[in-house]
Amino acid sequence: MKKQFTLSLVALLMAGLFSACAQKKEEPREPAKALNVIYFIGDGTALPQVYAGMLATRQEMVFPKFPYIGVVDTHSSSNDITDSAAGGTALSSDHKTKNAMVGMNPDTIPVKTLLEVFHEQGKETGLVVTSYITHATPACFYAKVPHRRQYEDIALQLAEADNINLAIGGGRKHFNQRKDSVDLIQRMENELGWKVYDTLADIDVTCKKYAVLANDDHMPKAADRGDFLPRAVKTALKTLDSAENGFFLMVEGSQIDFACHANDSAWMVDELVDFSYAIQVALDYAEEHGNTLVVVTADHETGGLTMPDKQGKYTNVSFCYSTGSHTCLPVMVYAYGPGAEQFTGWMQNTAIKGKILNACGLENVGDGLPENDGKRFKAVKANLDTKPEK
Ligand SMILES: [Zn+2]
């Protein structure tokens, strides 16, 4: 009797197990797709800058929280060391191009950017930066010019863009102190459908097309501009949250690069902390909504930053810069949300656009221009028997 009872218990358990399996088979779960994308670019921000920020503040900040982290090769089509224009074009469009070129391939043919694809898909779009809004990185998402210093042309292309819902940053002088004497701000408001503000205060977040040109020049340094960047991200998310088909928001921590060009560690750390707070705003939003992919990466490293103990005693870490310019050090990519698992391993900067589109269930059909997979090194098999020649 006891044996029979045990057997029937086993049979019961097995039946339960099978029905659980069968149930699972009936409802195959599609991997979740991202509706919204928040894309952070830390200009000049590779692993040394992130770790310097962590060391200086003795805080982890936001970076170790990301479940998926990869490595990104940043070289341009013309140089081992990229500038922000070629770097931004690769990150926005999946085309390597020549240094200084914005939104164009090496033959000066306009390339299609993430912002443009998402607008065509009915998503709302936004840009938030702490540099000029006309600076190379944001420009690479909406402008097409052969040289990044064509600021007034870039400002005109921003003003006339019909695919941008909000743009927040500095660089007001490129709109209202122009060589052609055109008051672009007036044109934007009177003819082109924008509401233009000069501060984040009192913004009508229900407005579907606005620019905040918060300074004539770049925004002030982090120490002087307060919480402008995290607040701008919060404001942008309040506006974009009502987008029916989702949104695409690009946010640049622009001045980490400036601080590293100046080899100014205190400034760099301030910018890093500010950038981290801004990313946290996005992560909080993504955690709450579940349908939002957050990707954080960089266009290149700046400063050749390293952290030795100059006495070689492993105790007194100092921040040392090997250049006042950019380097070819790879950068990191951090991802959270639906589709984030694609952002691991070693990749070219041109791979990120396709991965973001894929996370949203969109095929990266390309723009008909010749592909440049960006590979620069030949794959070789290691020959461990070979001794180096003397
Ligand atoms: Zn730079």
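**View 1. The zinc ion and its donor atoms in the predicted model**. The zinc ion is held by D257, through two entries for its OD atoms, and by the NE2 atoms of H261 and H326. The distances from the zinc ion to these donors run from 2.1 to 2.4 Å. The arrangement is irregular because the angles between the four donor atoms range from 56 to 155 degrees. To count as tetrahedral, four donors would need all angles to lie between 85 and 135 degrees.

**View 2. Where the zinc donors sit along the chain**. The donors follow the spacing D-x3-H-x64-H. D257 belongs to helix α11 (residues 255-261), whereas H326 belongs to strand β12 (residues 326-327), so this pair ties together parts that are 69 residues apart in sequence. Are D257 and H326 buried or exposed? D257 has a relative accessible area of 5% and is buried. H326 is also buried, at 12% relative accessibility; the cut-off for buried is under 20%.

**View 3. P110 in its loop**. The loop that holds P110 runs between α3 (84-93) and α4 (114-120). P110 counts as partly exposed, with 45% relative accessibility. Which residues does P110 touch, apart from its neighbours within four places in sequence? They are G103, M104, K144 and L369. P110 and L369 are 259 residues apart along the chain, but a distance of 9.1 Å separates their C-alpha atoms.

**View 4. The largest nonpolar core**. This core has 55 residues. Those with the most contacts inside the core are Y39, F118, I164, F175, F248, I352 and I356. Helix α5 (residues 136-142) gives the largest share of the core, five residues. When neighbours within four places in sequence are left aside, I352 is in contact with Y39, V72, L91, T297, V333, F343 and M347. Another core, of 53 residues, lies apart from the largest one. Y197, L237, A282 and V296 are among the residues of this other core.

**View 5. The buried side of helix α6**. Which residues of helix α6 (residues 151-160) are buried? They are Y151, E152, I154, A155, L158 and A159. These residues are on the same side of α6, because they cover an arc of only 155 degrees around the axis. The elements that cover the buried residues of α6 include two strands, β3 (124-132) and β4 (166-170). The helices α5, α7 (173-176) and α8 (184-190) are also included in this cover.

Definitions and conventions:
Residues are numbered from 1 along each chain as its sequence is written. This is a predicted model: local features need pLDDT of at least 70, side-chain atom pairs count only at pLDDT 80 or more; totals for chains, interfaces and linings use all residues. Side-chain values use heavy atoms; hydrogens and water are left out. Donors are N, O and S atoms within 2.8 Å of the metal (3.2 Å for Na, K and Ca); water is not among the atoms, so sites may look incomplete. Four donors count as tetrahedral if all angles lie between 85 and 135 degrees; four count as square planar and six as octahedral if opposite donors are over 155 degrees apart and all others between 65 and 115; anything else is irregular. Helices (H or I, at least four residues) and strands (E, at least two) are DSSP runs, numbered from the N terminus. Buried means under 20% relative accessible area, exposed over 50%, partly exposed in between (1.4 Å probe, protein chains only). Contact means heavy atoms within 4.5 Å. A nonpolar core is a set of buried Ala, Val, Leu, Ile, Met, Phe, Trp, Tyr and Cys residues joined through side-chain atoms within 4.5 Å. The arc is that of the directions from the helix axis to the C-beta atoms.
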